[in-house]
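Ready to look at how two protein chains meet and how a helix packs? Have the structure open and follow along.

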Amino acid sequence: MDVEYGPVVDTFGGAGGEEKARQFGTWGYPIRARKPA
Amino acid sequence: MNDVTVDVGKLREEIQSKYREVVDHPDATFHFHTGLRAAANAGYEDDWLEGLPKQAIASFAGVANPFHWGLPNAGERVVDVGSGAGADSMIAARAAGPTGRVVGVDMTPEMLQRARAGATEAGIENVEFRAGLAERLPVDAAWADLVISNGVLNLVPDKLGAYKQIFRALRPGGRIQIADICVDQPIPEGALRDIDLWTG
């Protein structure tokens with residue numbers, strides 16, 4: 001199953017978890033795939 | 001269950017407690033954004049949110065946009081894994097239309113209650129919310145055209161188990177469109193057992 005990632009989102013920027021998110025390089029993504037027919 | 005390093009029961013309790021707080025006090029400060037701020041940050045279209053119950057929007061805690069590649073098609077069957085207060089499920093239900101159907105699954109009773117009330121308030125009849133876990137989806141095999149999820153699978157200890165369930169629920173040729181957080185750095189072994197890091 002091929003997996004495709006969409007554009008990165010700065011999910012935690014400006015939120016309380018921003019510091020921890022930066023520590024681990026944490027970002028949000030849309031992700032899609034298709035089950036084989 | 002596949003090998004996990006954290007106390008699963010305690011983790012689920014902590015997650016439920018956290019999201020109970022999101023339902024009861026959506027304007028409180030969390031480690032993540034909520035409500036309109038979270039939706040805007042994720043790239044949601046304004047018209048997706050129009051007409052949704054205020055409390056469903058206020059308790060929204062998505063991390064990115066599972067509809068980046070498009071909303072469900074008319075007539076499609078959709079499963080929303082970790083449906084929370086129901087915003088994504090309701091958006092999907094409106095897109096799928098009267099011949100489509102959405103099943104939202106969540107493990108937190110307060111979120112299910114909020115989602116059911118919200119769907120009733122909005123007059124959205126082609127959505128239902130079922131109690132359940134991502135690792136044991138209460139959905140028939142090959143039922144779904146599309147599985148969505150938003151900011152949920154990162155909190156599931158048995159991720160492989162959850163993906164196996166998603167695979168099972170999808171019909172052949174079905175799609176998964178999720179939004180979640182990913183890390184650039186490897187997570188140290190000790191951190192994997194730290195529930196505080198899982199939940200914020």
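Here are some questions and answers on this predicted model.

Q: How many residues does chain B bring to the contact with chain A?
A: Each chain has its own count here. Chain A puts in 21 residues. On the other side, chain B puts in 31 residues.

Q: Which element gives the largest share of the side of chain B that touches chain A?
A: Two elements of chain B that each supply at least two residues to this side are α2 (35-42) and β5 (170-183). The largest share is 13 residues, and these come from β5(B).

Q: How many residues of each class are on the side of chain B that touches chain A?
A: Let's sort them by class. Three residues are charged and 11 are polar. The nonpolar class has 17.

Q: How do strand β2 of chain A and β5(B) run?
A: Strand β2 covers residues 26-34 of chain A, and nine bridges join it to β5(B). Across this pairing, Pro30(A) stands opposite Ala179(B), and Trp27(A) stands opposite Cys182(B). The two strands run antiparallel.

Q: In β2(A), which residue is the bridge partner of Tyr5(A)?
A: Within chain A, strand β1 (residues 3-5) is joined to β2(A) by three bridges, and the two run antiparallel. The partner of Tyr5(A) in β2(A) is Ile31(A).

Q: What span does α1(B) reach from its first C-alpha to its last?
A: Start from its 17 residues. At 1.5 Å a residue, the expected value is 24 Å. The model comes close to that, with a reach of 24 Å.

Q: Why do the buried residues of α1(B) line one face of the helix?
A: The residues in question are Ile15(B), Tyr19(B), Val22(B) and Val23(B), which are buried. An α-helix has 3.6 residues a turn, so residues three or four places apart point the same way. Seen down the axis of α1(B), the buried residues line one face because they fall within an arc of 95 degrees.

Q: Which exposed residues does the face of α1(B) turned away from its buried side carry?
A: Now look at the other side of this helix. The exposed residues there are Gly9(B), Lys10(B), Glu13(B), Ser17(B) and Asp24(B).

Q: At what angle do the axes of helix α1 and helix α6 of chain B cross?
A: The two axes come within 8 Å. Tyr19(B), Arg20(B) and Val23(B) of α1(B) make the contact with Glu110(B), Met111(B) and Arg114(B) of α6(B). These residues divide into three nonpolar, three charged and no polar. The axes cross at roughly 35 degrees.

Definitions and conventions
Residues are numbered from 1 along each chain as its sequence is written. Chains are lettered from A and ligands numbered from 1 in the order in which they are written. This is a predicted model: local features need pLDDT of at least 70, side-chain atom pairs count only at pLDDT 80 or more; totals for chains, interfaces and linings use all residues. Axes are lines fitted to C-alpha atoms, for helices over the stretch in contact, and angles run from 0 to 180 degrees between N-to-C directions. Helices (H or I, at least four residues) and strands (E, at least two) are DSSP runs, numbered from the N terminus. Two residues are in contact if their C-beta atoms, placed from the backbone, lie within 7 Å. Ala, Val, Leu, Ile, Met, Phe, Trp, Tyr, Cys and Pro count as nonpolar, Asp, Glu, Lys and Arg as charged, and the others, Gly among them, as polar. Two strands pair if DSSP finds at least two bridges between them. The expected span of a helix is 1.5 Å times one less than its number of residues. A residue is buried if 20 or more other C-beta atoms lie within 10 Å of its own, exposed if 12 or fewer, and partly exposed in between; C-beta atoms are placed from the backbone. The arc is that of the directions from the helix axis to the C-beta atoms.
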